[in-house]
Amino acid sequence: ASARHAGRCRRCYLFPCRSQCVEPRPAEGIECVGEDDWRYTFATAKVRALETQMLSDADIAAVVVAANQADIDNGELAVQKASNDRVRAFGQQMIEAHTAVNKSAARLVADLGVTPTPNDISRSIADGQAAERARLGELSGADFDRAYIDNEIAYHEAVIDAVKNVLIPSAENDRLKQTLVDVSPAFVSHLEQARSIRRELGGR
């Protein structure tokens, strides 16, 4: 880790740990991340929501759309580039599953009269995963397969945490809150599938 990030909290990735979830210490066993890393974005969003409770339903709707669209785009890349059949099938599954969530979310916000409002969090998610896709695009074969699945594992872990600890607590409308609760098990299932595929792929 660089000197700048030597004290980054190893649980929430913040530097320093503003939520005081763990005594700030050098990140052991975790890649040190910077402010432009999407993991930092999710962690910052979590702390910001807990500190200020400023996420509106319109903000939440935009974050949901951005998070799902990012994984749709990731899945499309996997369908194009994956060399492993399970990885390619997982990518297709992500396209279909997250497209369905976004369509359902679009119907809900229309019913509620809520217009998703792009915000720093939603933009950072989109930009962060776009950068990740650019990195993945330079890989091929087994290297791509492993890197794509590694990103899916980390991304789903972050999304699950954000839904549970940021979006659901911040949602004001009961229908929006319940929708977030209802989709959570699917995200957990995706994470477990990605972990299973990663074990099969082996390697670094």
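The following exercises, each with a worked solution, concern a predicted model of a protein chain.

**Exercise 1. The overall fold**

Determine how many helices and strands the chain has, and state what share of its residues is buried.

*Solution.* Step 1: the secondary structure is counted, which gives six helices and zero strands. Step 2: the elements are read along the sequence, and the pattern is α-α-α-α-α-α. Step 3: burial is considered; of the 204 residues in the chain, 46% are buried. Step 4: the contacts are examined. Among contacts in the chain with a separation of 6 or more, 75% are between residues 24 or more positions apart. Step 5: the surface is described. The chain exposes about 10,200 Å², and carbon and sulfur atoms supply 51% of that area.

**Exercise 2. A salt bridge between H2 and H4**

Identify which parts of the chain are tied together by the salt bridge of arginine 133 and aspartate 73, and classify both residues by accessibility.

*Solution.* Step 1: the pair is located. The side chains of arginine 133 and aspartate 73 meet in a salt bridge, with an N to O distance of 3.7 Å. This lies within the 4 Å limit for a salt bridge. Step 2: each residue is assigned to its helix. Because arginine 133 belongs to helix H4 (residues 120-137) and aspartate 73 to helix H2 (residues 57-81), the pair ties together parts that are 60 residues apart in sequence. Step 3: the accessibilities are compared with the cut-offs, buried being under 20% and exposed over 50%, with partly exposed in between. Arginine 133, at a relative accessible area of 18%, is therefore buried, whereas aspartate 73, at 22%, counts as partly exposed.

**Exercise 3. Two salt bridges involving H5**

State where the partners of the salt bridges of aspartate 143 and aspartate 150 lie.

*Solution.* Step 1: aspartate 143 is taken up. Its partner is arginine 146, and the closest N and O atoms are 3.1 Å apart. Both residues lie in helix H5 (residues 141-170), three residues apart, which is about one turn of the helix. Aspartate 143 is partly exposed, at 47% relative accessibility.

Step 2: aspartate 150 is taken up. Its side chain meets that of arginine 198 in a salt bridge of 2.5 Å, N to O. Since arginine 198 lies in helix H6 (residues 174-201) and aspartate 150 in helix H5, this pair ties together parts that are 48 residues apart in sequence. Arginine 198 is buried, at 12%, while aspartate 150 is partly exposed, at 34%.

Step 3: shared partners are sought. Glu157, Glu192 and Arg195 are joined into one network by salt bridges that share partners. Step 4: the total is noted; the whole structure has nine salt bridges.

**Exercise 4. Nonpolar cores**

Describe the largest nonpolar core, and state which element gives the most residues to it.

*Solution.* Step 1: the core is sized. It has 22 residues, and those with the most contacts inside it are Ile60, Val163, Leu167 and Leu180. Step 2: the contributing elements are listed. H2, helix H3 (85-112), H4, H5 and H6 each give two or more residues. Step 3: the contributions are ranked; H5 gives the most, with six residues. Step 4: one member is inspected. Not counting residues up to four places away in sequence, leucine 180 touches Ile60, Val64, Val163, Leu167, Ile168 and Ala171. Step 5: a further core is recorded. Another core, of 16 residues, lies apart from the largest one and includes Leu77, Tyr148, Ile149 and Leu201.

**Exercise 5. The largest cavity**

Give the volume of the largest cavity and name the residues nearest its centre.

*Solution.* Step 1: the cavities are counted; there are two of 30 Å³ or more. Step 2: the largest has a volume of about 260 Å³. Step 3: its lining is examined. Of the 25 lining residues, Val63, Val64, Val163, Leu167 and Leu180 lie nearest the centre. Step 4: the lining is traced to the helices. Helix H1 (38-52), H2, H3, H4, H5 and H6 each supply at least two residues.

**Exercise 6. Histidine 190 and glutamine 80**

Decide whether histidine 190 and glutamine 80 are buried or exposed.

*Solution.* Step 1: histidine 190 lies in helix H6. At 5% relative accessibility, histidine 190 is buried. Leaving aside neighbours within four places in sequence, histidine 190 is in contact with Phe90, Gln93, Met94, Ala97, His98 and His156. Step 2: glutamine 80 lies in helix H2. With a relative accessible area of 64%, glutamine 80 is exposed.

Notes: Residues are numbered from 1 along each chain as its sequence is written. This is a predicted model: local features need pLDDT of at least 70, side-chain atom pairs count only at pLDDT 80 or more; totals for chains, interfaces and linings use all residues. Side-chain values use heavy atoms; hydrogens and water are left out. Helices (H or I, at least four residues) and strands (E, at least two) are DSSP runs, numbered from the N terminus. Buried means under 20% relative accessible area, exposed over 50%, partly exposed in between (1.4 Å probe, protein chains only). A nonpolar core is a set of buried Ala, Val, Leu, Ile, Met, Phe, Trp, Tyr and Cys residues joined through side-chain atoms within 4.5 Å. Contact means heavy atoms within 4.5 Å. Accessible areas come from the Shrake-Rupley method with a 1.4 Å probe; for residues, only the protein chains shown count as cover. On a 1 Å grid over the protein atoms alone, a cavity is a set of points where a 1.4 Å probe fits but cannot get out, and a pocket is an open set with protein on both sides within 12 Å along at least five of seven lines; lining residues have an atom within 4 Å of a point. Grid points are joined across faces, edges and corners, and a volume is the space filled by probe spheres set on the points.
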